Amino acid sequence: MTGTPGSVQAPIARRAGAAHDGGAMVWLLALALIVAATLIVSLIVIITYHGSKTFWPSPIQHVSVAPGEFDPPLLGEAEFLGIPVRDETYEPNFERAESLQSLIDAGALPEDTLEDGRLTRRLYLIGNRELDGVSFRWVDLHTIEDIYQPENALLVERTDWGVFLGKPKAAIHDGERIDLTGPDAVERIESLIREARERTREIQRLEHEKSAPINREIKELALERTRIGLQRTDSAGSDTRSLPTWAWAVSLLAGLGAMGWVALSTWRRRLSDPPPEPRPPARLIAVAALCLLVLAWLENPWANAKPDPATIEQRLAEIDARVQELRERGSAIEDEIADLRQADADHRIVITELKTERFAPEEQSIPDVPMRVSQIVRVVPANTLSLAGKIGVYLDRWGEFLTAEPRNANTEGGVLPIIIGTVTLTMLLTIFVVPLGVIAAIYLREYAKQGLLVSFIRIAVNNLAGVPSIVYGVFGLGFFSYTIGKYIDAGPAEPASRPAWWVVFSAVAISLALAVTLAGATRDAARASLARRAVAVLWLAAGALALWLIATTPYFSGFFRAQAELNSPTFGTGGILWASITLALLTLPVVIVATEEAIAAVPRSMREGSFGTGASRWQTVRRIVLPGALPGIMTGAVLAIARGAGEVAPLMLVGVLFFAPELPVDGEFPYLHAERSFMHLGYHIYELGFKSADAEASRPLVWTTTLLLLAIVMVLNLAAFVLRARIRARKSIAI
Amino acid sequence: MDQTTIQAELEQTTLPHTRAQDAQASLLDRIRAGEIPKPAIHPDVLEEDPVVQIKKFNLFYTKARALFDVSMPVPAGKVTAIIGPSGCGKSTLLRSVNRLNDLIDGVRIEGDIFLANRSVYEKRVDVIDLRKRIGMVFQKPNPFPMSIFENVVYSLRIDGERRKGVLKDACERALRSAALFDEVKDRLKDSALGLSGGQQQRLCIARAIVADPELLLLDEPCSALDPIATIAVEELIRDIAERYSVMIVTHNMQQASRVSDYTAFMYLGRLLEMGPTEHLFGNPTLRETEQYVTGRFG
């Protein structure tokens with residue numbers, strides 16, 4: 001209260017009624033929200049609409065077109081069977097427009113044929129691609145003379161060549177023709193399909209259970225042959241001198257003994273109270289012992305034992321004999337399979353076009369042989385189906401989509417392997433990113449001294465989130481596949497000479513020992529910060545040199561060198577392991593930032609309470625901070641996973657394929673094949689939509705696959721939401 | 001309350017000018033100018049057996065100095081209250097005893113504190129072990145987000161105790177000592193966050209005494225509680241004072257006079273006076289103390 005007495009202040013006049021409710025602003029805000037909400041809702045609605053109608057059986061129309069108006073006229077008959085897909089308007093060329101206009105003026109065509117000079121046309125799916133070369137056809141609406149839905153029209157879904165529209169004519173069994181034009185034709189065809197499916201299953205079983213193992217063994221034997229060849233050239237070229245056996249044994253014993261002594265004394269110290277003084281330099285000895293053990297392992301005289309030429313020759317002969325035997329067994333099985341195929345070929349079916357006698361052939365190149373029954377996936381008598389029947393077909397198609405393998409060059413059939421690929425990738429990604437991100441965040445928030453360096457790291461992490469994802473793909477390919485992968489496959493490209501390697505090895509050992517000694521000394525030293533800095537430098541140097549040691553070790557020549565020599569690298573190319581690590585890197589910032597925020601939100605009073613009871617920092621983190629931060633961590637993890645599951649660009653560089661012959665998970669040991677390529681829903685959409693030969697045919701599946709991907713991401717988010725709510729309810733704490 | 005307000009209130013105490021008044025004003029002025037006066041410690045205090053000895057203790061935050069050459073004993077087996085206006089460093093002093101200030105970046109200390117004649121700040125001291133010997137209760141009840149049982153036995157858990165029987169006995173004993181057992185015995189497995197404020201604070205006291213600490217630090221334990229809960233906690237403090245040495249920080253002078261055997265008065269990071277509670281509140285040596293306890297400043 002320091003106002004000077006006596007001076008009277010004039011009252012400040014406030015302006016009344018001057019746009020104080022910010023009306024315009026409120027409208028702007030609401031508008032922005034409405035725009036955003038509309039975009040999101042329309043995204044979901046459109047994808048759901050198009051994605052879910054794909055499998056609904058549409059009626060088959062018989063369309064008659066005015067002669068001469070057929071466009072393009074070369075495509076065959078003026079009558080055809082087709083399923084309408086969509087209508088659109090277009091601008092006809094000038095002459096056409098003029099002639100049409102004169103027809104309209106003469107009253108030959110209705111007034112509304114041309115609207116603003118635009119014609120309306122309709123796209124029909126006509127199928128039968130092997131007969132006409134196309135499976136879609138545009139028809140101008142005004143040229144259609146007649147449309148009706150023939151009762152006996154049949155939609156035939158086949159393993160190849162897309163759909164066939166026609167009517168059933170006859171089944172051929174062992175050259176005998178059975179008429180199929182009766183009213184029960186569809187039921188009879190369906191039972192034929194069931195029988196054919198049994199035969200196909202038997203063939204697949206044989207291939208899978210008998211043929212595949214033989215082929216695998218032959219492949220492995222071929223690998224072993226290459227490996228033996230490599231071994232021979234190795235032992236001829238390089239020096240395999242190693243330590244004498246006694247030196248090896250001594251260093252092994254010394255290393256083990258020192259380790260044991262350290263363990264024993266640590267155990268004793270733990271038992272006795274108060275601890276005896278002085279402490280043994282335990283860590284120093286441990287490092288020395290570790291070095292001795294590494295030395296002993298590397299210089300193991302037996303590991304470098306030269307293979308005996310005679311045994312090599314013997315083994316090669318064994319391999320040859322075994323391969324011969326396997327080939328014979330394999331060809332026997334092939335014969336068996338060929339017989340089954342022959343039997344299958346005796347069951348054929350004639351399905352013709354509606355008005356002609358042209359039928360669906362087995363192959364485009366042999367048009368006079370009708371198709372095998374086993375080539376049919378499903379027949380849909382679309383025009384006579386009841387509602388229940390339509391729902392049945394719809395659900396059956398969904399079932400096939402979700403549980404079957406793709407067919408017809410991946411443009412039809414199911415996406416099960418693709419779902420498996422996506423889920424496996426996402427799970428691996430989770431396994432990599434969540435622990436790494438959480439640990440990094442805990443260190444950053446709880447342990448690291450908050451200073452310039454930590455701020456810098458935090459900024460760097462946040463910036464990582466903004467790097468375009470394709471950059472991660474390039475990095476993944478260049479670093480994981482071509483550097484680390486190649487190293488795993490075939491060892492260092494240019495190994496160091498042994499003396500140089502050992503000199504550096506000693507340097508690492510010495511700097512580690514120095515670092516350990518100094519770290520122990522900093523407790524009492526007055527110049528603690530100087531010593532700490534020296535320790536940090538020593539650790540860094542030792543780490544860098546150790547990396548060099550690993551990268552150029554002359555003692556390692558790859559786990560899959562034989563495969564690499566055969567030009568099929570194992571880890572040296574894209575694969576699900578590298579893809580998931582790349583995605584983990586991509587999503588790491590999300591997890592780190594979310595975890596840091598969740599940890600920071602745990603009240604200080606909780607931490608102090610814990611420290612006050614004598615809990616160490618780690619105990620506090622584990623028992624108080626992490627449980628409190630768990631909901632936030634989960635949110636971050638799910639955000640990261642959802643982002644990773646939808647990411648496509650980096651995958652294209654590190655191992656995704658449109659068609660991968662083998663799944664990354666299967667029933668064979670070791671069940672998860674981290675080196676294999678895989679298929680992914682996102683990439684599948686891209687390939688279907690933009691790369692497939694018949695974009696019009698695969699468009700419905702693009703929608704449906706998109707819907708599926710969207711549903712998976714939504715389910716993930718929902719699961720996280722539920723989980724988080726339950727954790728929160730259990731802890732009854734809102735953080 | 002910041003310094004200018006204190007000054008303003010001091011200026012409002014318009015008593016007639018006497019020599020004593022001049023001396024008093026000049027002592028507070030001299031403190032504000034940076035002087036560190038010699039504290040008036042009653043001889044009774046020095047006769048007691050000390051559990052904690054604070055010797056020439058100074059504490060600096062990154063820039064500011066919070067404690068100025070504080071030296072005082074804390075008698076064993078008694079309740080020692082620390083009073084003083086806000087910001088006088090009493091909580092800082094309390095948290096220095098179990099080195100909780102170590103957790104704050106940029107804190108530096110000089111001098112030393114001895115717990116049972118062993119240095120607290122020596123290099124070799126294991127801070128974790130030190131804190132295990134001292135129980136602490138905070139201003140705001142801070143039960144952990146776990147069950148009542150787990151809250152009480154937290155310090156045993158972190159020591160690696162797994163035997164159910166031992167934990168159960170310890171939990172019951174601590175809860176009984178904290179006069180909480182009868183209220184919660186049927187819901188030991190329930191979340192501790194469902195308890196009322198007073199119950200939560202008594203739970204925190206149970207948590208602090210479950211491992212029989214050598215010293216109990218109470219940092220304004222009743223400041224977040226309603227009057228009835230305050231009475232319950234005060235009675236509890238009197239009860240447990242029979243078994244433990246207690247240091248309590250409070251800015252409620254009635255509370256200090258009710259629960260403590262000895263009281264120390266701090267001002268701006270300095271210890272001004274310490275003595276038996278009835279002496280300090282009845283007939284203090286320093287005029288400043290009298291003015292503070294009678295509510296004429298602070």
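A polar contact is a pair of N or O atoms within 3.5 Å; within protein, one atom must be able to donate a hydrogen and the other to accept it. The exercises below apply to a predicted model.

**Exercise 1.** State how many residue pairs are in polar contact between chain B and chain A, and describe the side of chain B that touches chain A.

Solution.
1. Between chain B and chain A there are 4 residue pairs in polar contact, with both residues at pLDDT 80 or more.
2. On the side of chain B that touches chain A, helices α5 (127-132) and α7 (154-158) of chain B each supply at least two residues.
3. The largest share, 4 residues, comes from α7(B).
4. By residue class, that side of chain B divides into 13 nonpolar, 4 polar and 8 charged residues.

**Exercise 2.** Find which side chains meet in a salt bridge between chain B and chain A.

Solution.
1. The count of salt bridges between chain B and chain A is 1.
2. The cut-off is a Lys or Arg side-chain nitrogen within 4 Å of a carboxyl oxygen of Asp or Glu.
3. The side chains of B:R95 and A:E608 meet in a salt bridge, at 2.8 Å from N to O.

**Exercise 3.** Give the extent of the interface in residues and in area.

Solution.
1. In residues, 25 of chain B are in contact with 23 of chain A.
2. In area, the two chains bury about 2100 Å² between them, and 58% of this is on carbon and sulfur atoms.
3. B:P145, B:Y154 and B:I158 supply 26% of the area that chain B buries against chain A, more than any other three residues.

**Exercise 4.** Decide where in chain B the pLDDT is under 50, and place that stretch against the chain as a whole.

Solution.
1. The average pLDDT of chain B is 87, and 91% of its residues score at least 70.
2. Among the elements of chain B, strand β4 (residues 79-83) has the highest mean pLDDT, 95, and helix α1 (residues 3-12) the lowest, 50.
3. Over residues 10-19 of chain B, pLDDT stays under 50, and the model has 8 contacts beyond four places in sequence for this stretch.
4. Where pLDDT is low, predicted coordinates should not be read in detail.
5. For the model, the scores are ipTM 0.88 and pTM 0.81.

**Exercise 5.** Classify A:S211: buried or exposed?

Solution.
1. A:S211 lies in helix α4 (residues 185-237) of chain A.
2. The cut-off for buried is under 20% relative accessible area.
3. A:S211 has 9% relative accessibility and therefore counts as buried.
4. Leaving out residues up to four places away in sequence, A:S211 touches A:L206, A:I333 and A:E334.

Terms used. Residues are numbered from 1 along each chain as its sequence is written. Chains are lettered from A and ligands numbered from 1 in the order in which they are written. Side-chain values use heavy atoms; hydrogens and water are left out. pLDDT is the predictor's confidence in each residue, from 0 to 100. Contact means heavy atoms within 4.5 Å. Buried area is the accessible area (1.4 Å probe) that two parts lose on being put together, summed over both. A polar contact is a pair of N or O atoms within 3.5 Å; within protein, one must be able to donate a hydrogen and the other to accept it, and residues adjacent in sequence count only if both atoms are side-chain atoms. Ala, Val, Leu, Ile, Met, Phe, Trp, Tyr, Cys and Pro count as nonpolar, Asp, Glu, Lys and Arg as charged, and the others, Gly among them, as polar. Buried means under 20% relative accessible area, exposed over 50%, partly exposed in between (1.4 Å probe, protein chains only).
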